Amino acid sequence: MQVLIRANYEEMSKEAARYVSSEMRKKVKFVLGLATGSTPLGLYKELIRMHKEEGLDFENVTTFNLDEYYGLSPTHEQSYSYFMWENLFKHVNIKKENVHIPDGMAKDVEKFCEEYEHMIKEAGGIDLQVLGIGSDGHIAFNEPLSSLGSRTRLKTLTQQTIEDNARFFENKDEVPRYAITMGVGTVFEAHKCILLASSHSKADVIAKAIEGPVAAYITASAMQLHRDTIVVLDEGAAAELKRKDYYRYVDKMVKEFNK
Ligand code: PGA
């Protein structure tokens, strides 16, 4: 796990976009795992700019989103499907048939989840997965005590997550109580992952996820065992890390080595 600390949200987003775009350019058919929430918005903005100004091509990119609220249709303004089309897909040359987002209206949830896993496998697995982290330590909607081997399934959201996400809805009561989410085990099979976190509100949970024990009560801590994960933080999110100086030193040494 490499930890990169950048001055602010904008620099964090640009660093993430550099990494995502350089991975995308390495392969003709690229499978990109995507996340929602406020954190990756800057990354998506930068990818759109790269598409428009630098020819970043989405023609052969297939995407899989981590999760979707259960009970929201894709046309609902708070659905993650709506979010992705508004904030990324409609601005780039991605093919509609290459976009995959869990179906929040699935009638047979179990069957849908099996199919979603199957589609990821059929696509050859996820080359790079973008991740955020919830204030309760979740990656995707893998709430505390989710099995670290879990697969795509229906999850009950914690009160913490409902409160965190209430800002996007008229009121707290409108926040769905369930979501369909990739499991920790599903995320774990991505070849590479990039986890983003911004602002002081994430500092405590980032310290737990990166420097604490690997434990199901902070599902993001499972990424410590992943073979190729990069974490990009702004100063606020990095504030509680004990070994910040070491991470900065490694960052500098890696750059020097690659010169
Ligand atoms: P946020 O959400 O980016 O809006 O903070 C992150 C998450 O819940 O995974």
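How do the residues of the lining of the largest cavity divide into nonpolar, polar and charged? They divide into 8 nonpolar, no polar and no charged residues. The model is predicted, with local features requiring pLDDT of at least 70 and side-chain atom pairs counted only at pLDDT 80 or more, while totals for chains, interfaces and linings use all residues. Residues are numbered from 1 along each chain as its sequence is written, and side-chain values use heavy atoms, without hydrogens and water.

**View 1. The largest cavity and its lining.** On a 1 Å grid over the protein atoms alone, a cavity is a set of points where a 1.4 Å probe fits but cannot get out, and lining residues have an atom within 4 Å of a point. The structure holds 1 cavity of 30 Å³ or more, and the largest cavity contains about 30 Å³ of space; a volume is the space filled by probe spheres set on the points, which are joined across faces, edges and corners. Its lining consists of M1, L195, I206, A209, I210, A220, M223 and V231. Helix α7 (residues 203-211) gives the largest share of this lining, 3 residues; helices are DSSP runs (H or I, at least four residues) numbered from the N terminus.

**View 2. The largest pocket, the space taken by the ligand.** A pocket is an open set of grid points with protein on both sides within 12 Å along at least five of seven lines, and a molecule sits in one if more than half of its atoms lie within 2 Å of its grid points. The volume of the largest pocket is about 500 Å³. Among its 26 lining residues, G37, I133, G134, H138 and K202 are the closest to its centre. Helix α5 (residues 159-165) supplies the largest share of the lining, 3 residues.

**View 3. Residues around the ligand.** Those with a heavy atom within 4 Å of the ligand are G37, S38, T39, G132, I133, G134, H138, R167 and K202. By class, this shell has 1 nonpolar, 6 polar and 2 charged residues; Ala, Val, Leu, Ile, Met, Phe, Trp, Tyr, Cys and Pro count as nonpolar, Asp, Glu, Lys and Arg as charged, and the others, Gly among them, as polar.

**View 4. Side-chain atoms of K202 and R167 beside ligand oxygen atoms.** A polar side-chain atom of K202 is 2.5 Å from an oxygen atom of the ligand. For R167, a polar side-chain atom lies 3.1 Å from a ligand oxygen atom.

Notes
Helices (H or I, at least four residues) and strands (E, at least two) are DSSP runs, numbered from the N terminus. A polar contact is a pair of N or O atoms within 3.5 Å; within protein, one must be able to donate a hydrogen and the other to accept it, and residues adjacent in sequence count only if both atoms are side-chain atoms.
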